[in-house]
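Let's take a quick tour of a protein model. Have a look at the sequence and the structure, then read on.

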Amino acid sequence: MKLIKKKDIFQNINTEYEISAQVQRKLLNGNAQFIIDLAINLELNSYSTVSLAIHLCNYFFHHKCYLQYDRFIVAAASLLLAQKIKDGDPRMRKLLISFHRIMQSIEQTRMANEALMQSLQNKLCIAESRILKVIEYEFDIKLPNDYIEVICKKCVPKKFEEATFHTLKILILDSYRTYAPLVFHSWVILVGTFLVASSQFSYTPYMQPPPQLNMAQITNEEEAYKVWLEHVENELREFDVNKMNNTNSKQPEKTTILKQEDLKDFLLAFNEMLFLNQGPEQQQSQLQPQQTQHQS
């Protein structure tokens, strides 16, 4: 799927219907939470499948208006399609039951019966076909999850490798609550969340590169970061090339992907998501120091 320009991310059909950027941010987050809840009910353990489902749903609603479609049906259909792409074995009946169970907790829906289940199935199938048209039947969708093992093996000290691996899966999934996956390449999301993860374990990957990355230690932080990004991109590109050689796929044109400006913008979007998910009291406590600074 084509990436959307950042300046256009909230200038879409929803804007024409006076759905503000702030509301759209909350809807992106809500779409993600609904799909995560649905996946938990389904006992679906694949982070990749859930991330893809959220991506499909949010991509759909960048091109279509929230007021014209049932977003919960679209979200469920996105998970159905993601399972087909990633797992190849969706359980329709189980999905219908889980969907109905969650909807009962959101709104007072009638008890499930065979007619209701059939109606839900028809709606999901129609929504799935609409999603397919919006993504133009493109199934080769690169996810940050595809590269977690690469970055962990090449960039993480051995003692932090397992912890970083699991933290990255969670952080990447959280990034899909934002507009970032619609705007940034999967490598940018991977490296951005990796920088957040490494900070949790108090190591700076570009100042302390492990031997397996084959990067010389550089004392200047700015230069070290630049060189580190080049090394990481080469490793990710080599992984992709080897994968494509095995499948006889056409190799993409080589262009620089890991740009410092994009990583900075991604981290800003990620931090906005954290702020969005805080309660009013937490938000106010963060704003007060800033207001004091302005007043001084």
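Here is a short briefing on the fold, the core and one loop residue.

This is a predicted model, where local features need pLDDT of at least 70, side-chain atom pairs count only at pLDDT 80 or more, and totals for chains, interfaces and linings use all residues. Residues are numbered from 1 along each chain as its sequence is written, and side-chain values use heavy atoms, leaving out hydrogens and water.

**Overall fold**
- The chain has 13 helices and zero strands; helices (H or I, at least four residues) and strands (E, at least two) are DSSP runs, numbered from the N terminus.
- Of its 296 residues, 46% count as buried, meaning under 20% relative accessible area with a 1.4 Å probe, protein chains only.
- Take the contacts (heavy atoms within 4.5 Å) with a separation of 6 or more: 71% of them come from residues 24 or more positions apart.

**The core**
- The largest nonpolar core (buried Ala, Val, Leu, Ile, Met, Phe, Trp, Tyr and Cys residues joined through side-chain atoms within 4.5 Å) has 97 residues.
- Helix α4 (residues 71–86) gives the most to this core, with 10 residues.
- L38, L56, F99, I151, V191 and W228 have the most contacts inside this core.
- Leaving out residues up to four places away in sequence, V191 touches I151, W228, L229, V232, L258 and L263.

**A proline in a loop**
- You'll find P210 in the loop between α10 (186–200) and α11 (221–247).
- P210 counts as buried because its relative accessibility is 7%.
- Beyond residues up to four places away in sequence, P210 touches K154, C155 and V156.
- P210 and V156 are 54 residues apart along the chain, yet their C-alpha atoms are separated by 6.6 Å.

Note on methods:
Buried < 20%, exposed > 50% of the residue type's maximum accessible area, 1.4 Å probe, protein only.
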